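Below is a colleague's note, set out as numbered points to be read with the structure open. Each point takes up one site or a small group of residues.

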Amino acid sequence: MTRLPRQMAQQMVSMTCAPEIQPQSVALACRFCGAALRRTFVDLGMSPLCETYPSAAELGRGEMYFPLHVRVCEECFLVQLEEFESPEKIFRDYPYFSSYSDSWLQHCEEYCGKMIQRFGLGAQSFVAEVASNDGYLLQYFVRGGVPVLGIEPAANVAKVAIEKGVPTLVQFFGTQVARELAAQGRTADLVLGNNVLAQVPDLNDFVEGMKILLKPSGVLTLEFPHLLRLMELNQFDTIYHEHFSYFSMLTTQRILEAHGLKAFDVEELSSHGGSLRVYACRAEDGTRRVEPSVAEVIRQETMAELASMQGYERFASQALRTKRALLEFLLTAAREGKRVAGYGAPGKSATLLHYCGIGKDLIEYTVDRNPHKQGRFLPGTHIPIYHPERIRETKPDYVFILPWNLKDEIMQQLQFIREWGGRFVVPIPTVTVC
Ligand SMILES: [Zn+2]
C-alpha cells in the first residue's frame, strides 16, 4: 500500500472528520467578550448569502444556504450571528456600490460638511475611512481639499474609487494594516467606520486597529444600525449573513472602553431604519466633554430593558407575526389575480423572502437601479431583477418595496404607478399598503 504524503493524509482526515459547520451542541463564544452563547435572539431559518446574485447561466448550479440563527450574549448583550462564510469570499468581489442612492449620497455630503466644520479639518488634516467602498463619502472630503485615504477590501469597488480621485488601499482592515500606516506616520485626525462594524468577524482586532490609526487628539466616528430601532421597528430583515453583529449603545460603549476609547457624543440618524453615529476619542484625551446625548441613548435602551435579558426575549414572536401577516397579504393578492412586482434588490431581501417563504409565485420580478444587478436573479428565490422601466411596461397592481428604508424616495420616483391604480406595499414594521 502506498503511503499518502502526510499533508494530503491530514487533509483527507479533516475532510471526513471535521465538518466545516459546527453542530448546535458545540458552544459558541461571544465575538466580543468570549462568553458562551446560549440564548437565541431570533432564529430566521436558512438563507443563502445575500449579495451573490446568480446570472441566468448559474441558476442550475445550486446554492449554499446558511443558518440565520441569531444569538445574544448574556454577559455583554452583543446580538450576533455565527460567521459561516469568510469575509474574503463575501467581500472580495462585492457587487454593492454605495453610490446608487440619492438620499444616501446626500447623507454623506452633509456628514463631511459637518465634520470639516466641527473638527476644523483642512488641507493639513488627514481623514481615513475603513471600508470606503467606491469613494461615495470620501469624495466630498476630497472636494473640500482634505487629504484622505480609503481602505477597502473589494478590489473592483476600490478601483472605482481610485478612478474618481479617492486614494484607496485594497486591504482588509485590522491592527496589522493600522500599525503599518502608523509606522509611516499616517495616523488620522478623523477615522470613520460607517456601516462596517457589523460586517467584521474579528471585532476586537478591528476596533483596536481603529484606535491605532487615530492621532492622540483624533476623532473616531462609527455609524451603525441601532439595535434598539431594529427591535422596536421589527426590522428582522436587516439581519443577514454579511452582518455578524448588531449593536446597542450599551454594548458599543463596553467595546470602546475595552480598547481604551471613549464615546463623547452620539446622534440618532434616520438612515438604515434608524442608526447611531457615535463619536469617540482616546480615553486619555481630556479635551472632549462627554455630551448628554450619550446618557440619553443609554437611558432609552435601559427603559427598553436592553441591559437585561428580558428586553431581548420578545423579538422572535414579533418577527413571526410579521411573517404571517405578509404571507396573508400576498396570498390574498394572488388569489384575487393581482400582479405584484418588487422594487429593489437589497441584501436584506434575502432574509425577508426566505424567512417568509416568498418566491416567484408571489412576487413576479423585482427591479433595481444598479446596472450590476440587472439581468441577474435574487439569491435562492431566483426572482429576476430588471431595469426599473419594467414597472411602467407591465403595470403591476402592487409594487412591493424591498428596501423599505428608502420608501419615501422610491414612492416619489414611482408616482406614475398611480396612473393605472397601482399601490405600494411596505413590509416593515407592519405590512402597509399605500
Ligand atoms: Zn459577550
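1. This is a predicted model, and I begin with one acidic residue in it. Apart from residues up to four places away in sequence, Asp285 touches Pro216, Ser217 and Lys262. Asp285 is found in the loop that runs between strand 13 (275-282) and helix 10 (292-303). Its relative accessibility is 7%, and because buried means under 20%, Asp285 counts as buried. For orientation, Asp285 and Gly174 are separated by 111 residues in sequence and by 22 Å in space, taken from C-alpha to C-alpha.

2. A second acidic residue, Glu409, belongs to helix 14 (residues 407-413). Glu409 has a relative accessible area of 15% and is buried. Once its neighbours within four places in sequence are left aside, Glu409 is in contact with Ser101, Asp102, Ser103 and Arg369.

3. The metal site deserves a careful look. Which residues are the protein donors of the zinc ion? They are Cys30, Cys33, Cys73 and Cys76, each through its SG atom, and they lie 2.3 Å from the zinc ion. The angles among the four donor atoms run from 102 to 120°, and the site is tetrahedral. Along the sequence, the donor residues follow the spacing C-x2-C-x39-C-x2-C.

4. Why can Cys30 and Cys73 be said to tie together parts that are apart in sequence? Cys30 sits in the loop between strand 1 (28-29) and strand 2 (36-37), whereas Cys73 sits in the loop between strand 4 (65-72) and strand 5 (79-80), so this pair joins parts of the chain that are 43 residues apart in sequence. As for accessibility, Cys30 counts as buried at 5% relative accessibility, and Cys73 counts as buried at 0%.

5. The next point concerns a pair of helices. Helix 11 (residues 315-335) packs with helix 12 (residues 348-356) at an angle of about 80°, and the axes of the two are 9 Å apart. Angles of 65 to 115 degrees count as roughly perpendicular, so helix 11 is roughly perpendicular to helix 12. On the side of helix 11, the contact is made by Ala316, Ala319, Leu320, Lys323, Leu326 and Leu327, while helix 12 contributes Leu352, Tyr355 and Cys356. Sorted by character, the residues of the contact of helix 11 with helix 12 comprise eight nonpolar, no polar and one charged.

6. Some backbone details are also worth checking by eye. Is the peptide bond from Ile428 to Pro429 cis or trans? The bond is cis, with omega near 5°, and Pro429 has its place in the loop between strand 18 (423-426) and strand 19 (432-433).

7. Glu305 has a phi near 65°, which is a positive value in a residue other than glycine. Glu305 lies in the loop between helix 10 and helix 11, and with a relative accessible area of 30% Glu305 is partly exposed.

8. His382 also calls for inspection, with phi near 60°, again a positive value in a residue other than glycine. The place of His382 is in the loop between strand 15 (366-367) and strand 16 (385-386), and at 14% relative accessibility His382 counts as buried.

Notes:
Residues numbered from 1 in each chain as written. Predicted model: local features only at pLDDT ≥ 70, side-chain atom pairs only at ≥ 80, totals over all residues. Heavy atoms only, no water. Donors = N, O, S within 2.8 Å, 3.2 Å for Na, K, Ca; no water. Tetrahedral: all angles 85-135°; square planar, octahedral: opposite > 155°, others 65-115°. Helix = DSSP H or I, 4+ residues; strand = E, 2+ residues; numbered from the N terminus. Buried < 20%, exposed > 50% of the residue type's maximum accessible area, 1.4 Å probe, protein only. Axes fitted to C-alpha atoms, helices over the stretch in contact; angles between N-to-C directions. Parallel < 35°, antiparallel > 145°, perpendicular 65-115°, else oblique. Contact = heavy atoms within 4.5 Å. Nonpolar A, V, L, I, M, F, W, Y, C, P; charged D, E, K, R; others polar.
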